[in-house]
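This briefing addresses two topics: an enclosed space in the protein, and the helix packing around it. Please consult the sequence and the structure shown below.

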Amino acid sequence: KAVIGTILQYPNVEDAWQASNGLRVSINETRNRQREQAITVADLIDHYTTTELVCAVADGGKSHATKTVYREFLARWVKPTWGSLNIRAVRTIAVEHWLRQLMRVDGSPLAPSTKAKIRNVVSVLFNHAIRHEWLEQGRNPILLVRQSAKRQKIPEWLEPDELRALLSQLDRCFRVMVFLDAATGLRRSELLALKWGDVDFDSLQIKVQRSIYMNVVGNCKTEASRKPVPMDPILASELWAWKHDSPYEKPNDWIFASPHTRGRSPYWPDIILSKVIRPAAVRAGIQKHIGWHTFRHSFSTMLMANGENIKVVQELMRHANCRCTLEIYSQARIQA
């Protein structure tokens, strides 16, 4: 006997049966190694979800953001099409054709980068089967699936004049938030996870120690992401002034604490973007489509425009290697 979950988690029998599939596959693990045993893709998904997507980051598990994306991709795209099929019956070309036909809700094709991410998740799924010896080594049909991740358009970035115009349209807290993001290139999950104790005003450094996604605090994206970020004296001055004006200024308080939660959590990034930053961009006469990554792209583009060495840009962007910096962020430099 084993507890699968609560009635709130699985309100009907069908949901409970699906949740038990991962456990059932584990119980039959030895038998499933026999080639004549049929294991469906749905069974594999359930087993992967209940064994790999529950591990804590400290135990080698994935971040909360990655777990959320994996669950969504598996439930929305993979399971409905491939769930009933035996894992040995999945073919490379069939997966390629399927990826080409994937559409958004509005009927438009999915972006190549999204299709590539879906392919990668499916590949991880089949590697899971190989690891548990339900498939032979080298039997991952996704390894040869061709799916480009090439961007359809060059990412937007802001000129210094545009950035100044945007900052002039923002209230104090959000002006400091955007200025900090554009002057450091922090990811949004890192930006909103900052606490006052992470800022070293004496050495002009910011320690990036955590990230936050859907109000769940976790580790940073990569080991390279944990490197301290240098801080310009002007930025440090702005932060220092905001610290003294903010009602939440203790070392363990969020730098951008939300007053709606009385400082218990930071602002919600999507709401800030749609309700504050984009309307401010319109008022500033900026016609570009702004997202949180726009500020990260702007930071890297300004560095390259100033003639900084690619290794310096990589370190400041906290990429694991130069390849990511060159392949993704050098496009903006060409446009410049």
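Contact here means heavy atoms within 4.5 Å. By that criterion, Trp 77, Val 78, Thr 81 and Trp 82 of helix 4 meet Ala 94, Val 95 and Trp 98 of helix 5. The model is a predicted one.

**Helix 4 with helix 5**

- By class, the residues joining helix 4 and helix 5 comprise 6 nonpolar, 1 polar and no charged.
- The axes of helix 4 and helix 5 lie 12 Å apart and form an angle of about 130 degrees.
- Helix 4 and helix 5 are therefore oblique to each other, and their crossing is right-handed.

**Helix 3 with helix 4**

- Helix 3, residues 41–51, packs on helix 4 at an angle of about 165 degrees, with the axes 10 Å apart.
- Because angles over 145 degrees count as roughly antiparallel, helix 3 is roughly antiparallel to helix 4.
- The crossing of helix 3 and helix 4 is left-handed.
- Helix 3 contributes Val 41, Ala 42, Ile 45, Asp 46, Tyr 48 and Thr 49 to this contact, while helix 4 contributes Tyr 70, Arg 71, Leu 74, Val 78, Lys 79 and Trp 82.
- The contact of helix 3 with helix 4 is made up of 8 nonpolar, 1 polar and 3 charged residues.

**Helix 3 with helix 6**

- Helix 3 and helix 6 have axes 10 Å apart, at an angle of about 85 degrees.
- That angle makes helix 3 roughly perpendicular to helix 6.
- On helix 3 the contact involves Val 41, Leu 44, Ile 45, His 47, Tyr 48 and Thr 51; on helix 6 it involves Val 124, Leu 125, His 128 and Ala 129.
- Of the residues in the contact between helix 3 and helix 6, 7 are nonpolar, 3 are polar and none is charged.

**The cavity**

- The structure contains 1 cavity of 30 Å³ or more.
- The largest cavity encloses about 40 Å³ of space.
- Its lining consists of Val 41, Val 78, Trp 82, Val 90, Val 95, Trp 98, Val 122 and Phe 126.
- Helix 4 (64–82), helix 5 (92–101) and helix 6 (112–131) are the elements that each supply two or more residues to the lining of the largest cavity.
- The lining of the largest cavity has 8 nonpolar residues, with no polar and no charged ones.

**Residues that recur**

- Val 78 and Trp 82 belong to the cavity lining, and both also take part in the contact of helix 4 with helix 5 and in that of helix 3 with helix 4.
- Val 41 likewise lines the cavity, and this residue of helix 3 takes part in the contact with helix 4 and in the contact with helix 6.

Note on methods: Residues numbered from 1 in each chain as written. Predicted model: local features only at pLDDT ≥ 70, side-chain atom pairs only at ≥ 80, totals over all residues. Heavy atoms only, no water. 1 Å grid on protein atoms, 1.4 Å probe; cavity = no way out; pocket = protein on both sides within 12 Å on 5 of 7 lines; lining within 4 Å. Points joined across faces, edges and corners; volume = space filled by probe spheres on them. Helix = DSSP H or I, 4+ residues; strand = E, 2+ residues; numbered from the N terminus. Nonpolar A, V, L, I, M, F, W, Y, C, P; charged D, E, K, R; others polar. Axes fitted to C-alpha atoms, helices over the stretch in contact; angles between N-to-C directions. Parallel < 35°, antiparallel > 145°, perpendicular 65-115°, else oblique. Left-handed = near helix turned anticlockwise from the far one by under 90°.
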